[in-house]
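Thanks for sharing this one with me. Here are a few friendly notes to read alongside the structure.

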Amino acid sequence: SRNVAKNADGVLTVAGLTVTEIAEQVGTPVYVVDEDDLRHRAREFAAAFAGWDVYYAGKSFLCTAVARWVADEGLGVDTCSGGELAVALRAGVDPARIGLHGNNKSDTEIELALDAGVGRIIADSFDEIARLIRLVRTRDRGERPRLMVRVTTGVEAHTHAYIATAHEDQKFGFSIASGNALDALLQVHAASELELIGIHSHIGSQIFDAEGFAVAARRTLGLHAEFAARTGVEPPEMDLGGGFGIAYTSADTPATPAELAEAMRRIVEVECAAHGVAVPHLSIEPGRAISGPSAFALYEVGTVKRVELDGGAVRTYVAVDGGMSDNIRTALYAAEYSATLASRRSAAGPAISRVVGKHCEGGDILVRDEFLPADVTPGDLVAVPASGAYSRSMASNYNHVPRPPVIAVADGRIQTLLRRETLDDILRLDVG
Ligand code: LLP
């Protein structure tokens with residue numbers, strides 16, 4: 001991130017503060033957000049996609065401060081639960097700039113969205129369309145929620161690869177290939193209780209290959225044109241989802257927002273011209289690409305263990321004071337991260353290292369393979385970069401470990417975004 005660097009003593013600093021000062025003031029583990037960097041990424045997306053709407057995907061990391069920052073920078077907020085919606089509303093985000101996703105929204109969640117008057121609800125199933133119609137009727141308030149219909153394009157993208165004929169054997173959305181997507185569009189269009197605003201497509205996450213987005217856009221615009229031919233109505237909007245990849249390690253080379261925007265604009269123009277339809281008002285939903293690179297996790301080393309491997313090499317297990325409860329991505333997806341000794345310079349040579357947590361589970365690994373200085377020792381601080389997305393937001397209380405705080409640093413000052421959970425917080429839930 002922009003304001004993170006090591007100083008002359010080899011100590012990691014962020015926006016004018018050293019990690020040693022941060023650890024003294026707020027303790028570890030802690031997630032540290034470079035506010036200026038996060039805002040800059042939001043602004044970069046808004047500028048590159050000027051004329052489109054950019055919704056920040058709150059599932060990657062949401063709290064009221066971040067919701068306010070991205071709204072300040074001109075973004076809307078994409079939510080996928082009543083909880084995320086409540087945070088965006090509490091932050092004061094204009095409801096017209098909020099979307100609600102979810103493959104199994106409850107009546108309560110839908111009513112929260114209707115009460116707030118969110119700008120769009122992304123319908124994911126025939127049951128949901130029926131539920132929405134029923135709720136609008138029984139509420140009888142003259143509401144006409146604006147709906148997008150989430151489709152599956154048959155494109156499945158994972159990091160460096162995509163499959164254009166992906167199996168549609170998954171829970172989200174209406175399949176284009178089966179005809180369900182067109183049926184759903186026709187149902188929403190026919191329902192006087194609902195306002196159809198367009199098609200929504202999201203093809204996956206941590207994607208580097210722009211070709212996946214191109215194929216998805218082609219299929220989505222094909223459906224858009226087919227619906228227009230059937231009804232004489234061109235839906236006014238379309239959302240092409242999020243999923244833009246970030247660099248977790250130096251092996252990753254993500255596209256810039258400007259490159260993504262250029263490629264996506266081109267394909268949309270070509271396809272709309274080919275189908276003879278107007279270019280709809282477009283939007284995207286990046287989460288990770290905004291929140292991910294802007295934060296690092298800061299841990300303190302507690303124990304160090306050396307294991308001799310077959311062949312004689314040695315692996316150093318560096319155990320820190322967090323783990324899979326604050327970042328489950330390595331255990332869950334075999335995600336790759338890097339780590340760095342953050343609290344001092346070391347002249348020691350590199351040692352094959354694995355950064356592990358404090359949980360009672362062998363798979364409790366944060367960084368599977370890294371070279372850390374051979375003299376890493378208890379009391380050292382270790383930072384894991386690119387930890388802003390899907391880490392704290394997916395944190396659990398496994399082993400009744402309290403979840404770490406999230407702080408932001410800007411101009412040498414700390415702002416607490418989420419406070420540290422305490423054992424009291426955890427014990428309070430236990431009412432037996
Ligand atoms: N829009 C929709 C409809 C989504 O389902 C998602 C992510 C996004 C936008 C934002 O995607 P992003 O730009 O952040 O990649 N927990 C996983 C990622 C799951 C993403 C689910 N949907 C991970 O840690 O990699």
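**Notes on a helix pair and a strand**

1. The contact to start with joins two helices: Gly82, Leu85 and Leu89 on the H4 side meet Thr108, Glu109, Leu112, Ala113 and Ala116 on the H5 side. By class, this contact has 5 nonpolar, 2 polar and 1 charged residues. Please keep in mind that the model is predicted.

2. How do the two helices pack? Helix H4 covers residues 82-90 and helix H5 residues 107-116; their axes lie 9 Å apart, at an angle of about 25 degrees. Because angles under 35 degrees count as roughly parallel, H4 is roughly parallel to H5. As for handedness, H4 and H5 cross in the left-handed sense.

3. Now to strand E22, which spans residues 381-384. Which of its residues point one way, and which the other? Leu381 and Ala383 share one direction, while Val382 and Val384 point the other way. You will find that all four residues named here are buried.

4. E22 has a pairing with strand E17 (residues 295-308), antiparallel and built on 4 bridges. To find the register on screen, look for Tyr299, which stands opposite Val382 in E22.

5. Strand E19 (residues 340-341) also pairs with E22: the two run antiparallel and are joined by 2 bridges. Here the residue to look for is Thr340, which stands opposite Ala383. Taken together, E22 pairs in the antiparallel sense with E17 and runs antiparallel to E19.

Notes
Residues numbered from 1 in each chain as written. Predicted model: local features only at pLDDT ≥ 70, side-chain atom pairs only at ≥ 80, totals over all residues. Axes fitted to C-alpha atoms, helices over the stretch in contact; angles between N-to-C directions. Parallel < 35°, antiparallel > 145°, perpendicular 65-115°, else oblique. Left-handed = near helix turned anticlockwise from the far one by under 90°. Contact = placed C-beta atoms within 7 Å. Nonpolar A, V, L, I, M, F, W, Y, C, P; charged D, E, K, R; others polar. Buried ≥ 20, exposed ≤ 12 C-beta atoms within 10 Å, placed from the backbone. Pairing = 2+ DSSP bridges.
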